[in-house]
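Okay, thanks for coming, everyone. I'll put the structure up and then walk you through a few parts of it.

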Amino acid sequence: MPDTRKRSSIWLQFKDFFFVLVLSLSQFRLHGSTGLRSGSQANFFPPLEDAMLPSGSFNNRMALITGGGTGLGRAMTATLSQLGAQCIIASRKLDVLQRTAEEISSQTGNKVHAVQCDVRDPQAVSQCVDQIEALTGLPDVIINNAAGNFVCPSERLSPNAWKTITDIVLNGTAFVTLELGKRLIQNQKGASFLAITTIYAESGSGFVVPSASAKAGVEALYKSLAAEWGRYGHRFNIIQPGPIRTKGAFSRLDPTGAFEKAMIDRIPTGRLGTPAEIANLAAYVSSNYASWMSGAVIRFDGGEYVSLAGEFNELRSVTPDQWKLLEAMIRKTKGS
Ligand SMILES: CC/C=C\C/C=C\CC/C=C/C=C/C(=O)SCCNC(=O)CCNC(=O)[C@H](O)C(C)(C)COP(=O)(O)OP(=O)(O)OC[C@H]1O[C@@H](n2cnc3c(N)ncnc32)[C@H](O)[C@@H]1OP(=O)(O)O
Ligand SMILES: NC(=O)C1=CN([C@@H]2O[C@H](COP(=O)(O)OP(=O)(O)OC[C@H]3O[C@@H](n4cnc5c(N)ncnc54)[C@H](OP(=O)(O)O)[C@@H]3O)[C@@H](O)[C@H]2O)C=CC1
C-alpha cells in the first residue's frame with residue numbers, strides 16, 4: 001500500500017477508536033462506572049424492590065418464562081418463584097439457564113427447571129413443551145419474554161439480519177403460544193399468556209425496524225387471541241416496557257452509553273425502570289387477581305412515550321422568566 005493510503009487508513013482506525021473512547025469517557029464521567037443514572041425528579045418516584053403480591057399467590061402454579069435466564073425474564077422468574085410458583089425457564093444457552101435456575105431455587109426453596117429451546121424452531125418448541133409436560137405438566141402461566149435486537153440503520157440490514165430478529169420475536173412468540181395453546185385446549189386447561197413488547201411497537205422506531213415490526217406483530221397476535229381463545233379459559237395481555245437496564249438490551253441498543261443521559265432526561269419520572277418493578281407487574285397480570293384482565297396493553301415506561309409524543313413537551317426547558325416574556329408577547333396578540 002502506498003504510504004499516503006496507509007497513513008490515511010491508520011488515521012481512520014484511530015478516529016473510530018477515539019470516537020468510541022470519548023463517548024465511553026463522557027458516559028463514565030456522567031454516570032459513574034455502573035450507577036443507575038437519575039435526574040433529581042427521580043426522588044419523587046423511588047422504585048420498590050420487594051414482591052407486591054401476598055406470599056403464596058402462585059402456590060401450586062406452573063410458570064414458563066422464555067428468556068428467563070437473564071435480564072427481565074430472570075427477574076420475573078425470581079418473583080414468581082418467591083410467590084410459590086414452580087418455574088420453567090427456556091432459551092438457547094443451557095449453562096446460563098442452569099445457573100439462574102439453581103440460584104433462584106436456592107433463594108426461594110421452589111424448584112426452577114431449565115430447558116434448552118431455540119424459539120425460532122417449531123420442532124424444538126414442540127420438544128420443549130414435551131419436556132415441560134413431563135417435568136411439571138402444562139403451565140398455568142406463560143410469559144413470552146425472549147427477544148433479539150440491535151440498533152442498525154435499515155439500509156445496512158441483510159435479509160438474514162431481518163429474519164433473525166423477526167424469527168425470534170414474532171415467530172418465536174407465535175410458535176410457543178400456539179403449541180402451548182393447542183395442548184392446553186386439548187386438556188381443557190386455561191392459562192394466562194403475557195407478551196413483553198416495548199413502547200415502539202405502537203409508534204414504530206427507526207434503527208430498530210425488525211424489532212419494531214415484530215413486536216407490533218406480537219401485539220396483534222395477542223389482542224386477536226384474547227378475543228378468540230377466551231372461550232377456552234385463556235387470557236392474553238401485553239406489557240410494553242420502557243428502558244430498564246439489562247446487559248442484553250443496553251449492550252445492543254446503546255453500546256457506548258452515549259444516549260442514556262438524553263433518554264433519562266426525557267422520562268417524566270426521571271429514571272430508568274428496574275427489573276423488580278416489571279417483575280411485580282408481570283406477576284400481577286399473570287395472577288388470579290387479574291382474572292378479569294385480557295386483551296390489555298400496559299405501557300410501563302415512566303412516562304417516556306407521552307413525553308416523546310407531545311410536540312410542545314420541550315417547553316419544559318422554558319424558565320419562569322422566559323414564560324413571563326412569552327406570555328406578554330402572546331397577550332399582545334389579543335384582537336389581532
Ligand atoms: C439509550 C438506549 C438504551 C436502551 C434503550 C432501552 C429501551 C428502549 C426500548 C427497548 C427495547 C428493547 C428490546 C429488546 O428486544 S432488547 C433484547 C436484547 N437482547 C438480545 O438481543 C439477546 C439475544 N440476541 C442475540 O443472540 C444476538 O444479538 C442476535 C444477533 C439477535 C441473534 O444471534 P444469532 O447468533 O442468532 O445471529 P447472528 O448469526 O450473530 O446474526 C444474524 C444476522 O444478523 C446480522 N447482525 C448481527 N448483529 C448485527 C448488527 N449489530 N448490525 C447489523 N447486522 C447484524 C448478522 O450479520 C447476520 O446476518 P448475515 O451476516 O448472516 O447476513
Ligand atoms: N431492557 C429493556 O430496556 C427492555 C426490554 N424489553 C423486552 O424485554 C424482554 C427481555 O429483554 P432483556 O431482559 O432486556 O434482554 P436479554 O437479552 O437479557 O433477554 C433476552 C432473552 O431472550 C433469549 N433468547 C434470545 N434469542 C432466543 C431464541 N432464539 N430462543 C430462545 N430464547 C432466546 C436470551 O437467552 P439465550 O441467549 O440463552 O437464548 C435472553 O435470555 C425482551 O422481550 C425485550 O424486547 C422491552 C423494552 C425495554
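Let's start with Ile165, which sits in helix α5. Keep in mind that this is a predicted model. Is Ile165 buried or exposed? Its relative accessibility is 3%, and the cut-off for buried is under 20%, so Ile165 counts as buried. And what does Ile165 touch, once you skip residues up to four places away in sequence? You get Gly148, Asn149 and Phe150, plus Pro210 and Ser211. Now take Ala220, which is 55 residues from Ile165 along the chain. The C-alpha atoms of those two are separated by 17 Å.

Pro210 and Ser211 bring us to helix α7, which covers residues 209–228. Here's a quick sanity check on that helix. It has 20 residues, and at 1.5 Å a residue it should span 28 Å; the end C-alpha atoms are 29 Å apart, so that agrees. Pro210 and Ser211 are both among the buried residues of α7. That list also includes Lys215 and Glu219, along with Val218, Leu221, Tyr222 and Leu225. What covers the buried residues of α7? The cover includes α5 (159–186) and α6 (200–203), and on the strand side β4 (141–144), β5 (191–196), β6 (234–241) and β7 (297–300).

Okay, on to the cores. As a general point, nonpolar side chains tend to be buried together in soluble globular proteins. In our model, the largest nonpolar core has 32 residues, and the members that touch the most others are Phe58, Met76, Leu80 and Ile143. Elements that each supply at least two residues of this core include β1 (62–66), α2 (71–82), β2 (86–91) and α3 (94–108). The largest share comes from α10, with six residues. There's another core apart from this one, with 31 residues, and Val218 is among them, as are Val115, Cys128 and Ala174.

Back to Ile143 for a second. Leaving aside neighbours within four places in sequence, its contacts include Met76 and Leu80, and also Leu194, Ile196 and Ala282.

Last bit: how do α2 and α10 pack? Their axes come within 8 Å and cross at roughly 55 degrees. That angle is therefore oblique, and the crossing is right-handed. Which residues meet there? From α2 you have Leu72, Ala75, Met76, Thr79 and Leu80, and they meet Pro275, Ile278, Ala279, Asn280, Ala282 and Ala283 from α10. So Met76 and Leu80 turn up twice: in that helix pairing, and among the core members with the most contacts to other members.

Definitions and conventions:
Residues are numbered from 1 along each chain as its sequence is written. Chains are lettered from A and ligands numbered from 1 in the order in which they are written. This is a predicted model: local features need pLDDT of at least 70, side-chain atom pairs count only at pLDDT 80 or more; totals for chains, interfaces and linings use all residues. Side-chain values use heavy atoms; hydrogens and water are left out. Helices (H or I, at least four residues) and strands (E, at least two) are DSSP runs, numbered from the N terminus. The expected span of a helix is 1.5 Å times one less than its number of residues. Buried means under 20% relative accessible area, exposed over 50%, partly exposed in between (1.4 Å probe, protein chains only). Contact means heavy atoms within 4.5 Å. A nonpolar core is a set of buried Ala, Val, Leu, Ile, Met, Phe, Trp, Tyr and Cys residues joined through side-chain atoms within 4.5 Å. Axes are lines fitted to C-alpha atoms, for helices over the stretch in contact, and angles run from 0 to 180 degrees between N-to-C directions. Angles under 35 degrees count as roughly parallel, over 145 as roughly antiparallel, 65 to 115 as roughly perpendicular and the rest as oblique. A crossing is left-handed if the near helix is turned anticlockwise from the far one by less than a right angle, and right-handed if clockwise.
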